[in-house]
Amino acid sequence: MRWWKQHNQNYQGRYMRGVKHLVQCHCILPQYKGKKDPVFHKFSVFSVIDNSDTVLVKFAECNSCGAVHKVYDICKSEIVVGRDEVKSSLKIEDFKYSMPSQLFELLIQYNKELPDFEQAQFTFDNEMWESTMVLSREDLGTHVQGKILRFVGKEKFRIESFTHKTEF
Ligand SMILES: [Zn+2]
């Protein structure tokens, strides 16, 4: 069983699920420039997987260099040559009109990024109650502590804290 299958597999019998994953770009963040082994920048993308295990293709911009990626599988993408933006992709402001305002405000408050808004919208639209998403986390040496948002029901959300041992 692949790790992203653990969530919401049976939701409404449609087996659609969403996953946030990282794709690699060809750009290198300034702090890694000039290193012997280049560390390519990775950015997160939210993708939907249908009931035949197919990842629905989507286009996303790198959050560092703006390169357009065709994301065709989990953690896999190819750069679309000759494009430097996707005007049709959703922006954070767009979600103001499609999700409850308290949910939107909460995600803004925690400085969440576009894929988080997409994930929240997907969870809400598909009424995947009891699903959670991470709002914040910090590494405290022996433990990681953070907060999660639980989708309890329409118009009902709950913020919970978690603490677990750091894995080595
Ligand atoms: Zn990039």
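Here is a short tour of this structure, one selection at a time.

**Before you click.** What you have open is a predicted model: local features are given where pLDDT is at least 70, side-chain atom pairs count only at pLDDT 80 or more, and totals for chains, interfaces and linings use all residues. Residue numbers start from 1 along each chain as its sequence is written.

**Select the whole chain.** You should see two helices and eight strands. Those elements are DSSP runs, numbered from the N terminus, with at least four residues for a helix (H or I) and at least two for a strand (E). Walking from the N terminus, you pass β-β-β-β-β-α-α-β-β-β. The C-alpha atoms fill a box of roughly 45 × 40 × 35 Å along the principal axes. A compact globule of 168 residues would have a radius of gyration near 15 Å, and the chain's 17 Å agrees with that. That radius is taken over C-alpha atoms, and the globule rule is 2.2 Å times the number of residues to the power 0.38.

Of the 168 residues, 19% count as buried. Buried means that 20 or more other C-beta atoms lie within 10 Å of the residue's own; exposed means 12 or fewer, partly exposed is in between, and the C-beta atoms are placed from the backbone.

**Colour by domain.** Give 1-87 one colour for domain 1 and 90-168 another for domain 2. Those bounds come from an automatic or database domain assignment. The C-alpha centres of the two domains lie 19 Å apart.

**Select 114-125.** This is helix H2. Its end C-alpha atoms are 16 Å apart, in agreement with the 16 Å that twelve residues should span at 1.5 Å a residue. The expected span is 1.5 Å times one less than the number of residues. H2 is mostly covered, with ten of its twelve residues buried; among them are Leu-114, Phe-117 and Phe-124. What does the covering? Show strand E1 (17-24), strand E2 (42-49), helix H1 (101-109), E6 and strand E7 (143-153), which are included in what covers those buried residues.

**Step into the loop after H2.** Glu-127 lies between H2 and strand E6 (132-139). Its phi is positive, about 50°, although Glu-127 is not a glycine. Most residues other than glycine have a negative phi. Glu-127 counts as exposed because it has 12 C-beta neighbours inside 10 Å.

Now click on Glu-130, which is also found in the loop between H2 and E6. Its phi is positive too, near 80°. With 10 C-beta neighbours inside 10 Å, Glu-130 counts as exposed.

**Select E6, E7 and E8 together.** They form an open sheet in the order E6-E7-E8, with antiparallel pairing. E6 and E8 are the edge strands, each pairing on one side only. The twist averages 20° from one strand to the next. Strands pair if DSSP finds at least two bridges between them; E7 and E8 are joined by ten. Across from Ile-148 you will find Glu-160 in E8.

**Finish at Phe-162.** This residue sits in strand E8 (residues 156-165). Is Phe-162 exposed or partly exposed? It is partly exposed, because 13 other C-beta atoms lie within 10 Å. Leaving aside residues up to four places away in sequence, Phe-162 touches Gly-146 and Ile-148. Contact here means C-beta atoms, placed from the backbone, within 7 Å. For a last distance, try Gly-141: it is 21 residues from Phe-162 in sequence and 15 Å away in space, C-alpha to C-alpha.

Conventions:
Two residues are in contact if their C-beta atoms, placed from the backbone, lie within 7 Å. Axes are lines fitted to C-alpha atoms, for helices over the stretch in contact, and angles run from 0 to 180 degrees between N-to-C directions.
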